[in-house]
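Colleague: I am new to this model and should be grateful for a close look at a single part of it. Please set that part in the context of the whole chain, and explain each term as it arises.

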Amino acid sequence: EEAEQSSAKDIRITKAIKKDSDFGRAFINAANAAKESDGITDLKLKQEKLIAGIKLFEEAALYAETDDQLFSALTSRNQLRETYIAAAIKVVTNKLGMDTLNNSEVSDVMLTLDQAEAFTGNQQLLKKIDKLREKVIAKQ
């Protein structure tokens with residue numbers, strides 16, 4: 001039943017979006033990247049796939065010919081950004097649970113936090129990101 005609903009959703013999306021337009025191709029590729037990221041359990045790979053999807057939704061927004069297309073692309077991009085932030089916080093929290101962090105891990109964690117910070121304007125999330133950054137620095 002779930003596979004059937006997913007298939008029906010794909011059909012509706014592809015029918016509503018013309019595949020032969022630049023917007024359609026970018027939007028469908030972005031939606032596919034987002035869908036692929038759902039099945040990835042490795043958080044680092046998931047983050048990479050989410051960033052690819054975010055960039056593709058931004059590309060789709062640039063190709064938008066109508067307000068509805070622009071709204072759809074940017075709304076989808078923002079949803080992926082929220083998913084990225086949640087994954088980033090989980091990655092950093094997991095890393096902080098390790099006994100020690102080497103310089104490479106600290107650098108990766110800080111880059112992850114910087115990216116998450118760039119994706120939000122939410123003050124609560126920004127405070128959480130700052131607290132995680134302080135914990136990483138203290139762990140060095």
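Modeller: The account below takes up one helix, then the core and the charged pairs of the chain.

This is a predicted model, in which local features need pLDDT of at least 70 and side-chain atom pairs count only at pLDDT 80 or more, while totals for chains, interfaces and linings use all residues. Residues are numbered from 1 along each chain as its sequence is written, and side-chain values use heavy atoms, with hydrogens and water left out.

The protein chain has six helices and zero strands (helices are DSSP runs of H or I with at least four residues, strands are E runs of at least two, and both are numbered from the N terminus). From the N terminus on, the elements therefore read α-α-α-α-α-α. Of the 140 residues in the protein chain, 34% are buried (buried means under 20% relative accessible area, exposed over 50% and partly exposed in between, with a 1.4 Å probe and protein chains only). Among contacts with a separation of 6 or more, 58% are between residues 24 or more positions apart (a contact is heavy atoms within 4.5 Å).

The part chosen for the close look is helix H3, which covers residues 43-63. H3 has 21 residues and reaches 30 Å from its first C-alpha to its last, close to the 30 Å expected at 1.5 Å a residue (the expected span is 1.5 Å times one less than the number of residues). At the start of H3, a side-chain oxygen of aspartate 42 comes to within 2.9 Å of the backbone nitrogen of lysine 44.

Which residues of H3 are buried? They are Leu43, Lys46, Gln47, Leu50, Gly53, Ile54, Phe57, Ala60 and Ala61. These residues are on the same side of H3 because they cover an arc of only 140° around the axis (the arc is that of the directions from the helix axis to the C-beta atoms). The face turned away from the buried side of H3 carries the exposed residues Lys55 and Leu62.

The buried residues of H3 pack against H2, H4 and H5. On the H2 side, serine 37 is found in helix H2. Serine 37 is buried, with a relative accessible area of 1%. Apart from its neighbours within four places in sequence, serine 37 is in contact with Lys46, Lys49 and Leu50.

The next topic is the nonpolar core. In soluble globular proteins, nonpolar side chains tend to be buried together. The largest nonpolar core here has 28 residues, of which Tyr84, Val92, Leu113 and Val136 touch the most other members (such a core is a set of buried Ala, Val, Leu, Ile, Met, Phe, Trp, Tyr and Cys residues joined through side-chain atoms within 4.5 Å). H2, H3, helix H4 (67-96), H5 and H6 each give two or more residues to this core. H4 gives the most, with eight residues. Leaving aside neighbours within four places in sequence, valine 136 is in contact with Val92, Leu96, Leu101, Val106, Val109 and Met110.

The charged pairs complete the picture. The structure holds eight salt bridges (a salt bridge is a side-chain nitrogen of Lys or Arg within 4 Å of a carboxyl oxygen of Asp or Glu). One of them joins arginine 25 to aspartate 22, with the closest N and O atoms 2.7 Å apart. Both residues lie in helix H2 (residues 22-38), three residues apart, about one turn of the helix. Arginine 25 is partly exposed, with a relative accessible area of 40%, and aspartate 22 is partly exposed, with a relative accessible area of 40%.

Arginine 133 forms a salt bridge with glutamate 117 (3.5 Å, N to O). This pair links distant parts of the chain, with arginine 133 in helix H6 (residues 123-139) and glutamate 117 in helix H5 (residues 103-118), 16 residues apart. Arginine 133 is buried, with a relative accessible area of 15%, whereas glutamate 117 is partly exposed, at 30%. Arginine 133 also meets aspartate 130 in a salt bridge (3.1 Å, N to O). Aspartate 130 and arginine 133 both lie in H6, three residues apart, about one turn of the helix. Aspartate 130 counts as partly exposed, at 34% relative accessibility. Through salt bridges that share partners, Asp114, Glu117, Asp130 and Arg133 are joined into one network.

Methods:
Polar contact = N/O pair within 3.5 Å; in protein donor to acceptor, adjacent residues only side chain to side chain.
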